[in-house]
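Here are a few short exercises to work through with the model open beside you. Try each one before reading its solution.

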Amino acid sequence: MPVSIKETLANLNNKEEVFYYLCPVCGNIEKERPERYLMCNVPGSKFIKY
Ligand SMILES: [Zn+2]
């Protein structure tokens, strides 16, 4: 499930280290790197980890 920006920013304030994966095509943020993002047909390796 895509994660809302609001939730992402809230989690960034946590001490716990959490990584997100940004789809370079549509900008959706996922909590786990997908094998292949079906919504955009993007391989997981293209996702931007941050
Ligand atoms: Zn996408």
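A residue counts as buried if 20 or more other C-beta atoms lie within 10 Å of its own, exposed if 12 or fewer, and partly exposed in between. Please keep in mind that this is a predicted model.

**Exercise 1.** Describe the chain as a whole: which elements does it have, and what percentage of its residues is buried?

Solution. Start with the elements: there are 1 helix and 5 strands. Next, read them from the N terminus, which gives the order α-β-β-β-β-β. Then turn to burial: of the 50 residues in the chain, 4% are buried. Finally, look at the contacts between residues at least 6 apart in sequence: 37% of these join residues at least 24 apart.

**Exercise 2.** Locate Asn-41, and decide whether it is buried or exposed.

Solution. First, find the loop between strand E3 (36–37) and strand E4 (42–43); Asn-41 lies there. Now count neighbours: Asn-41 has 8 other C-beta atoms within 10 Å. The cut-off for exposed is 12 or fewer, so Asn-41 is exposed. Last, check the backbone: the phi of Asn-41 is positive, about 55 degrees, although the residue is not a glycine. Most residues other than glycine have a negative phi.

**Exercise 3.** Work out the surroundings of Val-42: which residues does it touch, leaving out those up to four places away in sequence?

Solution. Begin with strand E4, where Val-42 is found. Val-42 has 17 other C-beta atoms within 10 Å, so it is partly exposed. With residues up to four places away in sequence left out, Val-42 touches Cys-23, Pro-24, Val-25 and Tyr-37. To finish, take Val-25: it is 17 residues from Val-42 along the chain, and their C-alpha atoms are 7.7 Å apart.

Key:
Residues are numbered from 1 along each chain as its sequence is written. This is a predicted model: local features need pLDDT of at least 70, side-chain atom pairs count only at pLDDT 80 or more; totals for chains, interfaces and linings use all residues. Helices (H or I, at least four residues) and strands (E, at least two) are DSSP runs, numbered from the N terminus. Two residues are in contact if their C-beta atoms, placed from the backbone, lie within 7 Å.
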